[in-house]
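Let's work through a few short exercises together. Keep the structure open beside you and try each task before reading its solution.

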Amino acid sequence: MTPGRYQSFESVAGDYDLTRVIPDATLTEIARILAREAHLEAGGLFLDGGVGTGRFAAPLAQAYPAQIVGTDISPAMMARISRKTAPGRIALAQADLQRLPFTDGAFAGALLVHILHLIELWPLVLTEIRRVLIPKTGVLLLGIEMGGRSALVDFYYELARTRALLPPSLGAAGIPQVLAHLSHTAQVETLETLRLAWRRVVPTARTLEALSRRTYSQMWSISDAAHQELLAETQSFAHRTFRRSEAVEVLKSRFVLYTVRWP
Ligand SMILES: C[S@@+](CC[C@H](N)C(=O)[O-])C[C@H]1O[C@@H](n2cnc3c(N)ncnc32)[C@H](O)[C@@H]1O
């Protein structure tokens with residue numbers, strides 16, 4: 001099948017990690033779960049599909065160097081990985097997840113986090129992941145960060161939505177749609193994630209800066225003029241709500257992992 005459209009993060013690589021912060025202890029715990037589910041102690045390979053800046057691949061490579069492979073369409077995103085891990089610990093390949101440059105059955109495990117909403121033919125990605133996993137024993141882990149969104153980002157999106165400025169996702173509409181699709185062929189389980197919850201103190205000024213730089217992919221199709229209006233109204237909302245420019249928000253997040261196995 002001919003691959004469809006997708007949204008590369010090439011232009012926001014420098015800002016990405018500022019908007020997606022997971023505490024180191026939580027990342028270590030996520031890496032431990034990924035390794036356990038994919039039995040990495042047995043020496044198999046693990047693919048981080050849409051590896052981005054290596055948030056998950058880097059801590060995983062700490063314990064399992066030479067077993068971790070990352071792919072992304074954006075070289076600038078992958079270039080950030082060198083700040084988090086020693087050279088050579090993660091094998092990187094620029095590739096489209098709809099057409100992976102790997103042989104069948106090459107991986108013991110694979111990870112997809114915040115990817116499928118960006119790719120038009122997202123079921124094709126799942127077909128490719130299934131192809132490159134070891135038949136029957138290979139496991140796909142789907143991860144998603146929930147909560148943790150600033151009231152300012154919510155305000156901006158709500159305004160954009162009421163003005164019909166937010167297009168539907170290019171790819172999957174959300175995790176329920178992906179799980180429903182998988183339920184026809186795979187066994188899906190939600191992992192216990194009590195320990196994968198955290199709080200973060202975020203200055204409102206930093207959130208406004210991220211909004212002004214359009215760091216969030218849903219904002220990319222909004223015209224410059226409309227974006228400037230939305231931003232001005234969000235700044236005024238921030239002033240009314242928080243009063244002080246050095247105000248902070250406490251954001252509660254959790255990370256949910258699903259295992260997907262094709263019998
Ligand atoms: C929201 S980021 C998530 C990155 C990483 N998984 C994480 O959670 O930090 C989405 C990533 O998917 C990449 N991407 C988008 N379309 C892609 C495609 N067709 N093939 C490979 N990577 C793609 C983007 O360049 C970006 O780095």
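A residue counts as buried if 20 or more other C-beta atoms lie within 10 Å of its own, and as exposed if 12 or fewer do. Please keep in mind that this is a predicted model.

**Exercise 1. The whole chain**

Describe the overall build of the protein chain, beginning with its helices and strands.

Solution. Start with the count: the protein chain has nine helices and eight strands. Its radius of gyration is 19 Å, close to the 18 Å from the globule rule for 263 residues, so the chain is as compact as a globular protein of that length. Along the principal axes, the C-alpha atoms fill a box of roughly 55 × 40 × 35 Å. Now apply the burial cut-off: 35% of the 263 residues are buried. Finally, look at contacts with a separation of 6 or more: residues 24 or more positions apart account for 81% of these.

**Exercise 2. The two faces of a helix**

Check the length of helix α2 (residues 24–37), then work out which of its residues are buried.

Solution. Take the length to begin with. At 1.5 Å a residue, the 14 residues of α2 should span 20 Å, and the end C-alpha atoms are 20 Å apart, which agrees. Next comes burial: I30, A31, L34, A35 and E37 are the buried residues in α2. They cover an arc of only 165° around the axis, which puts them on the same side of α2. A general rule helps here: an α-helix has 3.6 residues a turn, so residues three or four places apart point the same way. Turn to the face away from the buried side, and you find the exposed residues A25 and R36. The partners of the buried residues are α3 (57–63), β4 (109–113), β5 (139–147) and β8 (248–261).

**Exercise 3. Positive phi in loops**

Find where H114 and R243 sit, and decide whether each is buried, partly exposed or exposed.

Solution. H114 is in the loop between β4 and α5 (122–132). Its phi is near 55°, a positive value in a residue other than glycine. With 15 C-beta neighbours inside 10 Å, H114 counts as partly exposed. R243 lies in the loop between α9 (224–242) and β8, and its phi is also positive, about 65°. R243 has 8 other C-beta atoms within 10 Å, so it is exposed.

**Exercise 4. Around the ligand**

How many residues surround the ligand, and which are the closest?

Solution. The shell has 20 residues, and the closest are Y6, G50, G52, S74 and V113. Sorted by class, the shell has nine nonpolar, seven polar and four charged residues.

How values were computed:
Residues numbered from 1 in each chain as written. Predicted model: local features only at pLDDT ≥ 70, side-chain atom pairs only at ≥ 80, totals over all residues. Helix = DSSP H or I, 4+ residues; strand = E, 2+ residues; numbered from the N terminus. Rg over C-alpha atoms; globule rule 2.2 N^0.38 Å. Contact = placed C-beta atoms within 7 Å. Expected span 1.5 Å × (residues − 1). Arc of directions from axis to C-beta. Near = placed C-beta within 6 Å. Nonpolar A, V, L, I, M, F, W, Y, C, P; charged D, E, K, R; others polar.
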